[in-house]
Amino acid sequence: MLDDRTTAETMWPTAYPKGYAVVDVETTGLARDDRIVSAAVYRLDAQGNVEDHWYTLVNPRRDPGPVWIHGLTSAMLADAPLFEDIAEEFADRLADRVLVAHNAIFDWQMIAREYARAAATAPVRQRLCTIALSKELNLPLPNHKLESLAAHFGVVQQRAHHALDDARVLAEAFRPSLHAAAEGGVRLPLLECRPLTEWSDSPVTPRIGYQASYRGNSWRPSRKRPPCPHPNPGRFEDGKPLKQGMRIAFSGDTSVERELLEDRAVEAGLHIATSVSRLTSLLVTNDPDSATSKTVKAKSFGTPVVDEAAFTQLLRDVAAAES
């Protein structure tokens, strides 16, 4: 095993990014109308060494959501700055760097929506998910939780779901992951960050408690998707890529909004199925043992099933439809 200095000085891939922003945000929930309540950024150089770190609370102007998870009450956030007040400083921390996060699509979408609300754009062009990187490195992790990645590299987690400590833990775990990738000649799983350019305000129903019904802002108008232009090539096969035209069904809760996942699938040339049949190519669910009609039918038909994390990775490389 080469030491870090040898890897950095003599074998560092020239195509790797020149800097990273390891990010964690805590939020009022997971929906498109939820808000950021705290944010942290660890800036790293090209080899993953910490340059500095930054942390802020954010007043979400609403119920803080799952206080039992992030520990931030309405009283604690009452005097915190609004997102538009910290947007410029946050942007300075992100500028010209690859955004790194654990389940990065979630953090990026929360950040992008906050900037859209503020009529601004986050200066981020690429993101890197440490879940995807751990898969590229074939790390022997029992699951995709941050605590498992931290334990693998001997990083001590002090305050789980505190944005600053989660960002620190991820930064400390990312550095050896980055060096392992460099030493092994692994291509980093970088994905494009598409900024949101539309935001429309709709009447907000006052929220009473975290479990109450809430419907607020949305970042685009709803629309009917065009039909998939590609024929169905059949079922997904483990170890092979998705193919354009495959029929994809979703079941249960997802960490990323369902509509956004479906949009990404449509953009990749996949067909969104509203139910499971013998023609369904793949079912995406984070709870395959649930008794929903889709999971029950998938089992009876022998339909392949993957979780959300695996599906987002498969979306990176969808094979073209056969002519």
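The dialogue below concerns helix packing and aromatic pairs in a predicted model.

Student: Why is helix H4 called oblique to helix H5?

Tutor: The axes of H4 (residues 83-94) and H5 (residues 104-117) come within 10 Å and cross at roughly 130 degrees. Angles over 145 count as roughly antiparallel and those from 65 to 115 as roughly perpendicular, so the crossing of H4 and H5 is oblique. H4 passes H5 in a left-handed crossing.

Student: Which residues make the contact between H4 and H5?

Tutor: On H4 they are Phe83, Ala87, Phe90, Ala91 and Leu94, while H5 contributes Ile111, Glu114 and Tyr115. By class, this contact has seven nonpolar residues, no polar ones and one charged residue.

Student: What makes the aromatic pair of tryptophan 12 and tyrosine 16 edge-to-face?

Tutor: Their ring centres lie 5.8 Å apart and their planes stand at 85 degrees; because centres within 6.5 Å make a pair and planes over 60 degrees apart count as edge-to-face, both conditions are met by this pair.

Student: How do you know whether tryptophan 12 is buried or exposed?

Tutor: Buried means under 20% relative accessible area, and tryptophan 12, at 13%, therefore counts as buried, as does tyrosine 16 at 7%.

Student: Why is the pair of tryptophan 54 and phenylalanine 90 called tilted?

Tutor: The centres of the two rings are 5.3 Å apart and their planes are at 35 degrees; since stacked requires under 30 degrees and edge-to-face over 60, the pair is tilted. Tryptophan 54 lies in strand E3 (residues 50-57) and phenylalanine 90 in helix H4, so the pair ties together parts 36 residues apart in sequence. Ring pairs also link Trp54, Phe83, Phe90 and Tyr115 into a cluster.

How values were computed
Residues are numbered from 1 along each chain as its sequence is written. This is a predicted model: local features need pLDDT of at least 70, side-chain atom pairs count only at pLDDT 80 or more; totals for chains, interfaces and linings use all residues. Side-chain values use heavy atoms; hydrogens and water are left out. Axes are lines fitted to C-alpha atoms, for helices over the stretch in contact, and angles run from 0 to 180 degrees between N-to-C directions. Helices (H or I, at least four residues) and strands (E, at least two) are DSSP runs, numbered from the N terminus. Angles under 35 degrees count as roughly parallel, over 145 as roughly antiparallel, 65 to 115 as roughly perpendicular and the rest as oblique. A crossing is left-handed if the near helix is turned anticlockwise from the far one by less than a right angle, and right-handed if clockwise. Contact means heavy atoms within 4.5 Å. Ala, Val, Leu, Ile, Met, Phe, Trp, Tyr, Cys and Pro count as nonpolar, Asp, Glu, Lys and Arg as charged, and the others, Gly among them, as polar. Rings of Phe, Tyr and Trp (its six-membered ring) pair if their centres lie within 6.5 Å; planes under 30 degrees apart count as stacked, over 60 as edge-to-face and the rest as tilted. Buried means under 20% relative accessible area, exposed over 50%, partly exposed in between (1.4 Å probe, protein chains only).
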